[in-house]
Amino acid sequence: MNSSIHERACHLIDARHVEGIAASEREWLEAHLAECEACQARARANELALQSLRQNTVRVDPALVSTTQARVRLRAQELRENQARMRTLWMACGLSWLLGAITAPLLWQAMSWLGRHFQLAPAVCITGFAIFWFAPATVVGGLIAWRRSRAAALQNW
Amino acid sequence: MEDETREIARGLRRHDPDLLDELIARYQYRLPRYLWSLTGNREAAEDLFQETWIRVLEKGHLYDPRWRFEAWLFSIARNLAIDLLRRRQPESLEALLHPDDEGTAREWPDHQSASPFDAAAAGEEAERIRELLRRLPPDAREVLVLRFQEDMNLDEIAVVVRAPLSTVKSRLYRGLEALRHLVARTS
């Protein structure tokens, strides 16, 4: 038999399992298998090998499912609580920003009055205003970063 | 299928506990079987099973419903298994996943051949099959399991194992040939 025909048949015997073959190739292969015992043996060996593979079973601990479900539910609860806390925190941040924006003109006027009353340089008044303005946001940002690093450390531990 | 994957994606984003319970029960055999094929160890497979679902919960918002859920689930499981293998055997991670340059398959290190699990496992036939699988190169074993036990298509397998399609095909052909020879020898 022509070796290239045989090679083609061997390839198709494997390919029909691995990646599928076209209908025309399937017909050609069936016709070839009807005549070639060596290729028939290869095809049977493939079927046997795959049948063995599909029979592979793994016994698992019967409690695995319930244990996993319980653990996942607990973690889901933690995530939901954390999300609720973060939502509250972000709302507080938003409210803080809004109040800050509303009171900024008043704060500026207060700083100006202080500057005039205590005869402070304009740069001091501006710096004081900036520190007072950014202090709350800086504190909140630091708290959030600290909470996240603590949560990450607890998870790793 | 698309409706189901969208439903799963929505449920994962909401951290829906009932959905997660259902998914855990649905994959209670397939996922440990795949993890066993990677680790060769029942205890590791069960630990990784739990860790995989915790990760699914935490990263559920990243699931793309255009893909089958199994492919995403198994890719998470695979990454966790690799991390575990890396922690346990850092010097042989590459050796575990890829055959050496001469093309000879490395023996899968079986530290559990005398485990109570193996002793209690159903039947000599099951053990024979597991022994056959242990002798396969790990990269070929993995794709054979995904293709012929999990019925994944080649694109999905490529996503799970993070390899090009041509590499997946090559491993499948090589694995099928190796498995055919092993089965023929032991039959």
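Helices (DSSP runs of H or I, at least four residues) and strands (DSSP runs of E, at least two residues) are numbered from the N terminus. Keep that in mind as we start the tour. This is a predicted model, in which local features need pLDDT of at least 70, side-chain atom pairs count only at pLDDT 80 or more, and totals for chains, interfaces and linings use all residues. Residues are numbered from 1 along each chain as its sequence is written, while chains are lettered from A and ligands numbered from 1 in the order in which they are written.

**Stop 1: select chain A**

Colour chain A by secondary structure and you will find 5 helices and 0 strands, in the pattern α-α-α-α-α along the sequence. How far does the chain spread? Its radius of gyration, taken over C-alpha atoms, is 37 Å, well over the 15 Å that the globule rule gives for 157 residues, so chain A is more spread out than a compact globule. (That rule is 2.2 Å times the number of residues to the power 0.38.) Turn the view, and the C-alpha trace of chain A spans about 110 × 45 × 25 Å along its principal axes.

Now colour two stretches separately: domain 1 (3-54) and domain 2 (75-156) of chain A. Their bounds come from an automatic or database domain assignment. The C-alpha centres of these two domains lie 71 Å apart.

**Stop 2: zoom in on two residues of chain A**

Select A:Ala9, in helix α1 of chain A. Is A:Ala9 buried or exposed? It has 22 C-beta neighbours inside 10 Å, so A:Ala9 counts as buried. The cut-offs, with C-beta atoms placed from the backbone, are 20 or more other C-beta atoms within 10 Å for buried, 12 or fewer for exposed, and partly exposed in between. Leaving aside neighbours within four places in sequence, A:Ala9 is in contact (C-beta atoms, placed from the backbone, within 7 Å) with A:Leu29, A:His32, A:Cys36 and A:Cys39.

Next, select A:Gln119, in the loop between α4 and α5 (122-156) of chain A. Its phi is positive, about 55°, although A:Gln119 is not a glycine. With 7 C-beta neighbours inside 10 Å, A:Gln119 counts as exposed. Across the whole of chain A, 11% of the 157 residues count as buried.

**Stop 3: show both chains**

Here 30 residues of chain A are in contact with 38 residues of chain B. On the chain A side, α1 (3-18), α3 (37-54) and α4 (64-117) each supply at least two residues, and α4(A) gives the most, with 11 residues.

**Stop 4: select helix α3 of chain B**

Pick residues 30-39 of chain B, which form helix α3. Of the 10 residues of α3(B), 8 are buried, so this helix is largely enclosed by the rest of the structure. Among the buried ones are B:Pro32, B:Trp36 and B:Ser37. Just after the helix comes B:Gly40, with a positive phi near 70°.

Add helix α5 (residues 69-88) of chain B: α3(B) and α5(B) pack at an angle of about 35°, with their axes 10 Å apart. These axes are lines fitted to C-alpha atoms over the stretch in contact, and angles run from 0 to 180 degrees between N-to-C directions. Show side chains for B:Leu31, B:Tyr34, B:Leu35, B:Leu38 and B:Thr39 in α3(B), which meet B:Leu73, B:Phe74, B:Ala77, B:Arg78 and B:Ala81 in α5(B).

**Stop 5: finish at a loop**

Last, select B:Asp151, in the loop between α9 (138-149) and α10 (154-161) of chain B. B:Asp151 has a positive phi near 55° and is not a glycine.

Key. Contact = placed C-beta atoms within 7 Å.
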